[in-house]
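Here are a few exercises to work through with the model open. Try each one yourself before reading its solution.

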Amino acid sequence: MASQNHDWVLDHLPSGNRLIVRLCWIASFSAIITALVLPLGYVVIGYQHQVNLVETDASVKAAALTEIAAESPELWRYQIQRVEEVLQRQVVVLEHAMLLVYDAEDHLLFSTGQRPVSPIVRRAMPIIESGRAVGRIEILHSFRKELMRTAIVALLGLLLGGLIYVTLRSLPQRALRRLTKELMEQQARYLAAVESSTEGYMLLDAEGAFLEVNAAMCLLTGYSRSKLTHMKIAALEANDVDCKFLERDGPADNQRFETRWEKIDGTLIDVEVSATYLAQDGGRQFCFVRDITDRKRSEEAIWMQANFDALTGLPNRRMFHDRLAQELKKAHRASLQAALLFIDLDHFKEINDTLGHGKGDLLLTEAARRISGCIRETDTVARLGGDEFTVVLAEVDDGGVVARVAQNILLKLTAPFMLGGQIGRISASIGIAIYPSDASTADELLKKADQAMYAAKHQGRNQYSYFPADRRLSVRRLSFK
Amino acid sequence: MWAGELKIGGGGTDLGTIKLLAKEFSAKYADIQIRLVPNLGSSGGVKAVADGAINLAFISRPLNAAEALLGLSAIEYARTPFVFAVAANANLSEITRHEVAAIYAGKQASWPDGSLVRIVLRPRNDSDTQLLKSISSEIRQGVLAAESRPGVKLALTDQGAADDLEKIPGAIGTTTLALLLSEDRRLKSLRFDGKAPAVGNRAAGDYPFFKQLFLVADKQHIEKRNTVAIERFIAFVLSPAGKKILLSTGHLLP
């Protein structure tokens, strides 16, 4: 696990090894820049400063010499005292400068100072008299001192660069190591939590392939970790539908859904998945999976109890009402008829009283099976309670169908019932009401069917009767019993 | 140009006297035009003569070794006392070498009446400064201190120095008796160590500091060209008429 942590950090932190290398480069670059820029900047600025000084000095002295030349155009060059005074003026501080004054023919007239050591900054300015150059002053100044200072600055730059290198290299690395350590600790905690979780954990890539799973996930699916990490999520899906893991609405999508998986042994399990989309490396699904098979079974059982008859497995009264309402709606939309058959078993109480409730229950169960065998898949059989059953015949377009079904039921139910070594015989009375001609609502239709059933009973049982009984030649009695 | 024009230039020490001499000379020799070039200084005058830019230079020091090699001819035509001068209305008439040293050194910053002392310096290589520094080591130290002190007035020419001494309150500086008298300056020379810078005293040998005055010409020019004008001017300066002017303007004849 520790090595996995380490790998994870290196793989998932671009700031890991690569960041350290980058930091080294940045530190080296900064150090070199500092070491170079400082002396270079100093020498450039220093040189420009020296040039400015020399230019200023030459400019001011040229102006003064121009004034002397203006006063004495022909003999200004012999005004030695004045010219020398101009040359000696300290306009700016220039140590060890050499000043040269030339006439228009480039003959040297005056010079002061020794020739400075190289490198030399040299600037000349003309001496103008009546718009023409009668000479020029040239100033030579050594730049060596600045270079020596630059060498000192370069040394300081190197020291500073070294300091920057050490600082930039060590401080972030220390921080990075601390961060990495914290991340690894966090990762270890996270992996420990994930690994010890009773819920399955999986990390999927954009294609739905498993990248990481925990032990609970292996337990849940029956697949080993190595096998899972070579599979895709679609391989687990039992439902033949599009894989919900690949449905993406947005980058920050979180979703929770239920689905059904097939385990390695073929067992189907219901799972609840909490998936979080991570927009990294092309998209990741970070999922926790909970086995909800038992819960689903419980829910189904509760639902079954609420909607089905425990003895016969047929829809109970509650479910019957739902189905009847749905069928009436469908019939209404399709402009078709629907028929409701209300079935009451004749003489069932005698069976119960003579053979016992156990046998009575067996008979009810068999009766339910027989009635169910008489109808289409689209029709509904329900047990309302006791010995009362109903049949909803959907989408009836032929009145003969209803009569045939009722007749068939009567026939099936008059057949003997084998009740644990004993034989029971019953018959049934069936009341029929037709939607929408007899009633426009479910309750009303049931009531009419019930009335028709009583009419059949009163007319001697083992027959079916339409509602209203006196309107049709509705009562049919089985001639064979 | 050469035949009828005499171009004369040099230092300012004896410029006023040269102007007076030139005026008298021109009156006598109307065919010779004299053109005076001011502010060349002694060195500039000598160089201008050597280059042929002027015909005659008047300078206030002997030729130095380098100038002597240029083949020039220098004639000492007079001397004049080198003096310390103040404004004519200043309440001061004499000074000692110790006071001079103290003033230049900045140790004496005010006059007895409480007004500020303001020195007028000359350039370091000027003959006035050289002569001043040669008076005593104490004065030399004082002058060096003044030269390095900021804000001390520096006059580039003799006339500029005289102008400054006249205009600046409490000013003191060096000049010559010839300049004061020939230019009729509103300045007065100070007695130095009790000795007055009068020509008569020089004759008695009392006043110790003088500047030698020379006329400088180029021997080659004299030989090769028409030297009549130069010779006539030199002859006039040394003539009784010239001497009269020199004596009346604070000069001592050799």
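**Exercise 1.** Which residues does B:Ile172 touch, not counting residues up to four places away in sequence?

*Solution.* This is a predicted model, where local features need pLDDT of at least 70, side-chain atom pairs count only at pLDDT 80 or more, and totals for chains, interfaces and linings use all residues. Residues are numbered from 1 along each chain as written, chains are lettered from A in written order, and side-chain values use heavy atoms, without hydrogens and water. Look for contacts (heavy atoms within 4.5 Å). You should find B:Ala85, B:Val86, B:Ile95, B:Ile103, B:Trp111, B:Val117, B:Arg118, B:Ile119, B:Val120, B:Leu165 and B:Leu190.

**Exercise 2.** Find the largest nonpolar core and say which residues have the most contacts inside it.

*Solution.* Start with buried (under 20% relative accessible area, 1.4 Å probe, protein chains only) Ala, Val, Leu, Ile, Met, Phe, Trp, Tyr and Cys residues, and join them through side-chain atoms within 4.5 Å. The largest such core has 38 residues, and B:Ile172 is back among those with the most contacts, along with B:Phe84, B:Tyr104, B:Leu132, B:Ile135, B:Ile139 and B:Phe192. Next, sort by DSSP run (strands are E, at least two residues): β4(B) gives the most, five residues.

**Exercise 3.** How many salt bridges link chain B and chain A?

*Solution.* Search for a Lys or Arg side-chain nitrogen within 4 Å of an Asp or Glu carboxyl oxygen. The count is two; one of the pairs meeting this way is B:Arg35 with A:Glu74, at 3.8 Å, N to O. Finally, step back to the whole interface: 18 residues of chain B contact nine of chain A.

Methods
Buried < 20%, exposed > 50% of the residue type's maximum accessible area, 1.4 Å probe, protein only. Helix = DSSP H or I, 4+ residues; strand = E, 2+ residues; numbered from the N terminus.
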